[in-house]
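Me: I'd like to learn how to read a model like this one, feature by feature. Could you walk me through it?

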Amino acid sequence: MPLEFELAPGRMIGGDHPCFFIAEIGQNHQGDINIAKQMIKVAKDAGADCAKFQKSELEFKFNKAALERPYTTKNSWGVTYGEHKRHLEFSHEQYQELKAYAESVGILLGASGMDEKAIDFLDELGIAFLKVGSGDTNNLPYLEHAAKKGRPMVISSGMQTMDTMKKVYNTVKPINDKFCILQCTSAYPLEPEDVHLNIIKEYQKEFPDIPIGYSGHENGMSITLAAVAMGAKVLERHITLDKTWKGSDHSASLEPSELKELISQIRIVERAMGSRVKKMRSCELFTHQKLGKSVVAAKDIPADTAMTLDMLTVKVAEPKGYPPEKIFDLIGKKLKKGVENDDSVTEDNLQ
Ligand SMILES: CC(=O)N[C@H](C=O)[C@@H](O)[C@H](O)[C@H](O)COP(=O)(O)O
Ligand SMILES: C=C(OP(=O)(O)O)C(=O)O
């Protein structure tokens, strides 16, 4: 079961490895490289594994009419969608600068390549893994192109159906088996009813040989923590320096203190996931000694008397006696020494 792989040098994901946390800066840098750098530092200081951007080569991601589409919402940085996106897009040189900065603070730089040209650029940049944003998940030629780069992949699944996700799996798997799929619903902010964490379980059943993760656009931390408890191995959340800033994603993003708190809570949930083996833990011995119950005589039981259930009861007893879960095994058995009513029935007194 190759449920784990190296997503970035020295960083395994899946299995019992810690969740890989992608702090999605996306376009919340407002087109300002200094804000972008501040956000990389925020991601590092909060304990994220990766600070991520979105790279597009706009003429390849959009057709002409889409670039000329009017974009006049409160979140717009231009009159047309093209102008808006151009404002938010960093150049190749700026990506080099961001990568060098990320290296200098000690965090991995990530980016989704939002068209094939952007994938080529990120590959040349030496990105550790390729993130496929939901907009490209059903773009099968793009997926083949990206998979052939031989870099590990993280594939989101907003706006897709299970049938499409099976196609995605079957497209990528023969080319590149180092990929994971993230449950995602593409709405900003996302209402809890629209999250559908149960899809994580469906993906785990449908794609049992790859890690599954979660890319969230909801407010708060609880849903992402629940995703961890359901076995998500890669997590992605948008981050911002200020939720009230202009931009489509800020309100569904985490501010620095929330990011730090979420990552520390994730580490607690991971510690709590623990073993798949149910047994009494050493930390329970004290409580068991104090409050664990034992088999006790319900009446005087003479030696050499075949015991019946009406002779026995269960209490917290001193000394600790026979375990109650085996009480029925005592029926018909005899004691070496008689015990009085309310005394413990102990294993070493059995004939
Ligand atoms: C599906 C997808 O790509 N979603 C991205 C990742 O979550 C978003 O960050 C979009 O880029 C963003 O919401 C677009 O906002 P606007 O349209 O205002 O530039
Ligand atoms: C759109 C993206 O991500 P998601 O679909 O996971 O929100 C992205 O990474 O660019």
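Reply: Sure, we'll go from overall shape to ligands, domains and then single residues. Keep in mind throughout that this is a predicted model.

Me: Let's start with the basics. How many helices and strands are in the chain?

Reply: You'll find 12 of each: 12 helices and 12 strands.

Me: And how do I judge whether the chain is a compact globule or more spread out?

Reply: Compare the radius of gyration with what the globule rule gives for that chain length. For 351 residues the rule gives 20 Å, but the chain comes out at 29 Å, well over that, so it is more spread out than a compact globule. The box tells you about the outline too: along the principal axes, the C-alpha atoms fill roughly 95 × 40 × 35 Å.

Me: What share of the residues is buried?

Reply: To call a residue buried, you want 20 or more other C-beta atoms within 10 Å of its own. Here 35% of the 351 residues make it.

Me: What about contacts: what percentage comes from residues 24 or more positions apart?

Reply: Take the contacts with a separation of 6 or more; residues 24 or more positions apart account for 62% of those.

Me: Now the domains. Where does the assignment put domain 1 and domain 2?

Reply: Domain 1 runs over 4–273 and domain 2 over 282–349. Their C-alpha centres lie 60 Å apart.

Me: Which residues does the UniProt annotation "domain: AFP-like" cover?

Reply: According to the UniProt record, an unreviewed entry, that's residues 294–351. In the model this span is 0% helix and 14% strand, and its end C-alpha atoms lie 18 Å apart.

Me: On to the ligands. Which residues surround ligand 1?

Reply: List whatever lies around the ligand, then sort by class. Around ligand 1 you have Gly26, Gln27, Gln54, Asn75, Gly133, Ser134, Gly135, Gly158, Ser186, Tyr188, Ser248 and Asp249. By class, that shell has 10 polar residues, 1 nonpolar and 1 charged.

Me: And which residues come nearest to ligand 2?

Reply: Ser112, Gly133, Ser134, Ser156 and Ser215, out of 13 residues around it. The shell of ligand 2 has 9 polar, 2 nonpolar and 2 charged residues. Gly133 and Ser134 also turn up in the list for ligand 1.

Me: Let's check the backbone. Where are cis peptide bonds found?

Reply: Look at omega. Tyr188 and Pro189 are joined by a cis peptide bond with omega of about -10 degrees. Pro189 is in the loop between β8 (179–183) and α9 (198–206), and Tyr188 is one of the residues around ligand 1. There's also a cis bond from Glu318 to Pro319, with omega near -5 degrees; Pro319 belongs to the segment after β12.

Me: Which residue in the loop between β8 and α9 should I look at for phi?

Reply: Try His196, which sits in that loop. Its phi is positive, about 60 degrees, although it is not a glycine. As for burial, 13 other C-beta atoms lie within 10 Å, so His196 is partly exposed.

Me: And Asp304: is it buried or exposed?

Reply: Count neighbours again: 12 or fewer makes a residue exposed. Asp304 has 11 other C-beta atoms within 10 Å, so it is exposed. Asp304 lies in the loop between β11 (294–297) and β12, and its phi is near 65 degrees, again a positive value in a residue other than glycine.

Me: What is Lys334 in contact with, beyond its neighbours within four places in sequence?

Reply: Asp304, Thr305, Ala306 and Gln351. Lys334 is in the segment after β12 and, with 15 other C-beta atoms within 10 Å, is partly exposed. Its C-alpha is 9.9 Å from that of Thr308, 26 residues apart along the chain.

Me: Where does Asn349 lie?

Reply: In the segment after β12 (312–315). Asn349 has 18 other C-beta atoms within 10 Å, so it is partly exposed. Setting aside its neighbours within four places, it is in contact with Leu335, Lys336 and Lys337. Asn198 is 151 residues away in sequence and 52 Å away in space, C-alpha to C-alpha.

Me: One last case: where is Asn170?

Reply: Asn170 is in helix α8 (residues 162–172). It has 10 C-beta neighbours inside 10 Å, so it counts as exposed.

Definitions and conventions: Residues are numbered from 1 along each chain as its sequence is written. Chains are lettered from A and ligands numbered from 1 in the order in which they are written. This is a predicted model: local features need pLDDT of at least 70, side-chain atom pairs count only at pLDDT 80 or more; totals for chains, interfaces and linings use all residues. Helices (H or I, at least four residues) and strands (E, at least two) are DSSP runs, numbered from the N terminus. The radius of gyration is taken over C-alpha atoms; the globule rule is 2.2 Å times the number of residues to the power 0.38. Two residues are in contact if their C-beta atoms, placed from the backbone, lie within 7 Å. A residue is near a molecule or strand if its C-beta atom, placed from the backbone, lies within 6 Å of it. Ala, Val, Leu, Ile, Met, Phe, Trp, Tyr, Cys and Pro count as nonpolar, Asp, Glu, Lys and Arg as charged, and the others, Gly among them, as polar. UniProt positions are given in the numbering used here, feature names are shortened, and annotations may be inferred rather than shown by experiment. Domain bounds come from an automatic or database domain assignment.
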